[in-house]
Structure formats: structure tokens, C-alpha cells
Amino acid sequence: MKILLSGICGHMGKEVEKLANSGYRGAVLTAGVDFRNDGSASVPCAESFNTACTDVDCIIDFSHHSCTDVLLEFAVKNNIPLVLATTGQTDEERAAIIEASKKIPLFFAANYSLGIALLIELAKQAAAAMPDAEIEIVEKHHDRKLDAPSGTALAIAEAIKNVRPRAYTNCGRSGIGKRQENEIGIHSVRMGNIVGEHEVIIGTQNQIITLKHEAFSRALFAEGAIAAADFLIGKPAGLYDMKSILNF
């Protein structure tokens, strides 16, 4: 499977490049796109989608959410399946993603870790089984991460809202006032070189359940993105995520 890698010069782009060049899941890195083209890519790299290679089976994107619109336009115009692994999209960009998925197969997940997918499902089940429990989410990442809360923390909260329709998120609690009944607190830590930690704390007055996932290497997300590309090729137009792979 021939891959066009968007964001090839970034930290995650380098992880995907390394893994694809090792032949993981039959991936062949054919070309890259990165406006910061620094000459470090192992394959031809365009600085914009205007000159990007179209002879590929799938696009994997690890760039920046501000590239969403032009990326979607390129993928739809050339009928190329897209694995969108960038987080931090605005409401307008998310709406554009949904619209594009009506025309091409599009894989969009806040986190490409199998473990995170399981964590989200377990958090959802616990929230349903303990309807009176209070829930807090703590996420930790390196000091270079731009968006807060993380897309994964928001995805966990959204999954919980599916079984608790009245719940709402409170990101970065501050000020004076007690915790509200339907509140899901989300707290962000940015420090050092933390790859990624997500902790869901579910508690009542008498007991606490803690669910935690910790990533030790960015290679984990590169593996997930390439697995998503392998899954996506040959699929009909639609919006897919990690649940699609796990068949939850």
C-alpha cells in the first residue's frame, strides 16, 4: 500500500516514516507533504498539496488542524482514502470532515492507540454502571503539545456523555464554587517529554475506580495510523474510527 504522509517533517511524521520504511503492514512510503520541508524526508516531499503526489493508495496526516480544509479538498478531488490523525479541529473543521466522509473513506480518531480505544469503552461502561459516580479526567503530554485538553480526553468525555446525556465538561476548573452534579472535569498537564497519559477517575463517596493508559513511545500511534490505512483501503465512503477496527 502506497502512502502519502502529510506532516512528514514533524515528530509523529518521522515515527510514521521510520515504521513505513520498515515495511510495517506492507506500507510503502511514496511521498510526503510538509510546508516546513527541511530536506530530511526519505521520499520526495512537496511543500503544498498543489504539487503533492496523487499516485498513492492512502493519505496519513500528522500535520496541524489548520491544514484540514486543504487536505480534505485534495483527498476528495483525487478520491484518495484519508487517515486523519491530527487533533484540535474547530467545529467548522469537524463539520467539513463529516461532509468529506460522504465522498471518500475517511478514518478519524482522537488517538490511534488500541489501548486508548479500550480505555474509552471501559470508561463508558463504568459511567453507565455507576450513574451517581463523579468523573474526572486527567491528561498529561509533553510541553510542545499545542491543544488542550487533548483530543483523546475530549473523546473520553464524549463517550461518557453517550450514557449520561445531561453531563457537560469543565476544562481546567478554577474560581470559587463547588463541583456540579453533572460535571466531567478535564485537567491538562504539559511537562517535559511525556508522550501521553490519560486517567479517568470514577468515584462515589465510598469507592473509586481509576482507569489509566500510558504511552511510552510515539511509535504506538504510528502503528495505529498505518493499521488504520490498511483497514481503510477498499472501504466505501464513510467515517471510520478505532471502534471500526475493534468492532465494538
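Let me start with Ser6, which sits in strand β1. This is a predicted model, so everything I say is about the prediction. Ser6 has a relative accessibility of 3%, and because the limit for a buried residue is under 20%, it counts as buried. Leaving aside residues up to four places away in sequence, Ser6 touches Val33, Phe49, Ile60, Asp61, Phe62 and Ser63.

Now the strand itself. β1 covers residues 2-6 and pairs with β4, residues 58-61, in the parallel sense, over four bridges. One of the residues to look for here is Ile3, whose bridge partner in β4 is Cys58.

Both strands belong to an open sheet of seven, in the order β3-β2-β1-β4-β5-β6-β12, with parallel pairing. Which strands stand at the edges? They are β3, residues 45-46, and β12; each has a single partner strand, so one side of each is left without a neighbour in the sheet.

Helix α3 packs on this sheet, where it touches β5, β6 and β12. The direction of α3 makes about 145° with that of β6.

Staying with α3, residues 91-100: its buried residues are Glu93, Ile97 and Ala100. Why do they line one face of the helix? Seen down the axis of α3, these buried residues fall within an arc of 70°, so they share a face. On the other side of α3, Asp91 and Glu92 are exposed. The packing partners of the buried residues are helix α2 (68-77) and the strands β5 (82-84), β6 (105-108) and β12 (238-240).

Next, the second sheet. This one is also open, with five strands in the order β8-β9-β7-β10-β11, and its pairing is mixed. The edge strands are β8, residues 168-171, and β11, residues 208-215; each has a single partner strand, so one side of each is left without a neighbour in the sheet. On average, neighbouring strands here are turned by 15° against each other, direction ignored.

Within this sheet I would look at β10. Six of its eight residues are buried, so β10 is largely enclosed by the rest of the structure. β10, residues 196-203, pairs with β7, residues 134-141, in the antiparallel sense over seven bridges. In that pairing, Glu139 has His198 as its bridge partner, and Ile135 stands opposite Ile202. β10 also runs antiparallel to β11, joined by eight bridges. There, Val200 is partnered by Leu211. β10 and β11 form a hairpin, with four residues between them.

Helix α5 packs on this second sheet and touches β7, β8, β9 (183-190) and β10. Its direction makes about 170° with that of β9.

That brings me to the last item, the helix pair. Two packed helices are described by the angle between their axes and the distance between the axes. For α4, residues 114-129, and α5, residues 151-163, the angle is about 35° and the axes are 8 Å apart. The crossing of α4 past α5 is right-handed.

Which residues meet? From α4 there are Ile116, Leu119, Ile120, Ala123, Lys124, Ala127 and Ala128. From α5 there are Thr152, Ala155, Ile156, Ala159, Ile160, Asn162 and Val163. By type, the contact divides into eleven nonpolar residues, two polar and one charged.

Methods
Residues are numbered from 1 along each chain as its sequence is written. This is a predicted model: local features need pLDDT of at least 70, side-chain atom pairs count only at pLDDT 80 or more; totals for chains, interfaces and linings use all residues. Side-chain values use heavy atoms; hydrogens and water are left out. Buried means under 20% relative accessible area, exposed over 50%, partly exposed in between (1.4 Å probe, protein chains only). Helices (H or I, at least four residues) and strands (E, at least two) are DSSP runs, numbered from the N terminus. The arc is that of the directions from the helix axis to the C-beta atoms. Contact means heavy atoms within 4.5 Å. Axes are lines fitted to C-alpha atoms, for helices over the stretch in contact, and angles run from 0 to 180 degrees between N-to-C directions. A crossing is left-handed if the near helix is turned anticlockwise from the far one by less than a right angle, and right-handed if clockwise. Ala, Val, Leu, Ile, Met, Phe, Trp, Tyr, Cys and Pro count as nonpolar, Asp, Glu, Lys and Arg as charged, and the others, Gly among them, as polar. Two strands pair if DSSP finds at least two bridges between them.
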